[in-house]
Amino acid sequence: MRPFLTSLITAATVITAAALSIGDGTAIAAAESGASESVAEDYHAAVDVIADYWAQQAPEMFGIDYEPPTVRGVIDPGDATACGPMPEMNAIYCPRDHSVQFGSDYLELADSIGDVIVYDVVAHEWGHAILAQVPSSLVEDPQELQAECLAGGALGDLARDGVIVVEDGDLEEVVKLFRYSDAPGDAHGTAEQQALAFATGWRQGPAACFE
């Protein structure tokens, strides 16, 4: 495993630099199944490990009667959800029916960004499902960077436990991901803000997302 966290924090300070060179590489993979070549396989692996992680951690970590979100799966833009039509290039947690769903067009970005995006998107939306169940005094408004911190926290713990494996090329894929999702003035934050939120969770675990 390469020094992923140190590299990620460094990347967060230069992520918007035009001169940063991005290379190809392999991505985070479920340790028990090996590197996944298809988006569908990565998606199912990500859901499995994130679901298992929070089922084990949420009750003890937050002292709650944890209810996992209903996974509505991968759907196309415009398909109906309890929160309205699925937006283009998106994934959503819907509080109306406590569900998560993922846009097919968004997950297909894995073909150009790398399959790190699949793991991050699943972990991020699950983060919103966690925030919906913890005391409201712990939840930031807006929630997006806190949800990204929880994504980093869950994935970091899973990496330390050997459930997922960080491989050469993952840093480049994370940089690509945050470059793509850079949203100055939007609740999701800039690329640097997102990377730092993810890195905080990765380094310190989910508890750090509430400090």
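How many bridges join β2 to β6, and do the two strands run parallel or antiparallel? In this predicted model, five bridges join β2 to β6, and the two strands run parallel. One of the residue pairs in this arrangement is formed by I75 and G103, the latter being the bridge partner in β6. On the β5 side the direction changes: β5 and β6 run antiparallel and are joined by four bridges. Strands of a sheet pair through backbone hydrogen bonds, in either a parallel or an antiparallel manner.

Taken together, these strands make up an open sheet of three strands with the order β2-β6-β5 and mixed pairing. The edges are formed by β2 (70-75) and β5, each of which pairs on one side only. From one strand to the next, the twist averages 15°.

Within the antiparallel pair, two cross-strand positions can be specified. I92 stands opposite Q101 in β6, and Y93 stands opposite V100 in β6. In a regular strand, side chains alternate between the two faces of the sheet. In β5, A91 and Y93 point one way while I92 and C94 point the other way, and all of these residues are buried. Both faces of β6 are likewise covered. On one side of β6 lie S99, Q101 and G103, on the other V100 and F102, and all are buried. Because five of the five residues of β6 are buried, this strand is largely enclosed by the rest of the structure. The helix α5 lies across β2, β5 and β6, and runs at about 20° to β5.

The hairpin of β5 and β6 has four residues between the strands. One residue of the loop between β5 and β6 (99-103) is H98. H98 has a positive phi near 50°, although this residue is not a glycine. H98 counts as buried because its relative accessibility is 11%, with the cut-off for burial set at under 20%.

A second non-glycine residue with positive phi is M89, for which the angle is about 50°. M89 is placed in the loop between β4 (84-85) and β5. With a relative accessibility of 31%, M89 counts as partly exposed. The loop between α5 and α6 also has a backbone feature of note, and P142 lies in this loop. The peptide bond that joins D141 and P142 is cis, with omega at about 5°.

The largest pocket of the model has a volume of about 410 Å³. Its lining consists of 22 residues, and those nearest the centre of the pocket are N90, Y106, H124, S181 and H188. Two or more lining residues are given by each of β5 (91-94), α5 (116-131), α6 (144-160) and α7 (170-180). The largest share, five residues, comes from α5, the helix that also lies across the three strands β2, β5 and β6. By residue class, the lining divides into eleven nonpolar, six polar and five charged residues.

Among the residues of α6 is L145. L145 is partly exposed, since its relative accessible area is 25%. Leaving aside residues up to four places away in sequence, L145 touches A187, H188, Q193, Q194 and A197. One of these contacts, H188, is also among the residues nearest the centre of the largest pocket. The C-alpha atoms of L145 and L196 are separated by 9.0 Å, although the two residues are 51 residues apart along the chain.

Key. Residues are numbered from 1 along each chain as its sequence is written. This is a predicted model: local features need pLDDT of at least 70, side-chain atom pairs count only at pLDDT 80 or more; totals for chains, interfaces and linings use all residues. Side-chain values use heavy atoms; hydrogens and water are left out. On a 1 Å grid over the protein atoms alone, a cavity is a set of points where a 1.4 Å probe fits but cannot get out, and a pocket is an open set with protein on both sides within 12 Å along at least five of seven lines; lining residues have an atom within 4 Å of a point. Grid points are joined across faces, edges and corners, and a volume is the space filled by probe spheres set on the points. Ala, Val, Leu, Ile, Met, Phe, Trp, Tyr, Cys and Pro count as nonpolar, Asp, Glu, Lys and Arg as charged, and the others, Gly among them, as polar. Buried means under 20% relative accessible area, exposed over 50%, partly exposed in between (1.4 Å probe, protein chains only). Two strands pair if DSSP finds at least two bridges between them. Axes are lines fitted to C-alpha atoms, for helices over the stretch in contact, and angles run from 0 to 180 degrees between N-to-C directions. Contact means heavy atoms within 4.5 Å.
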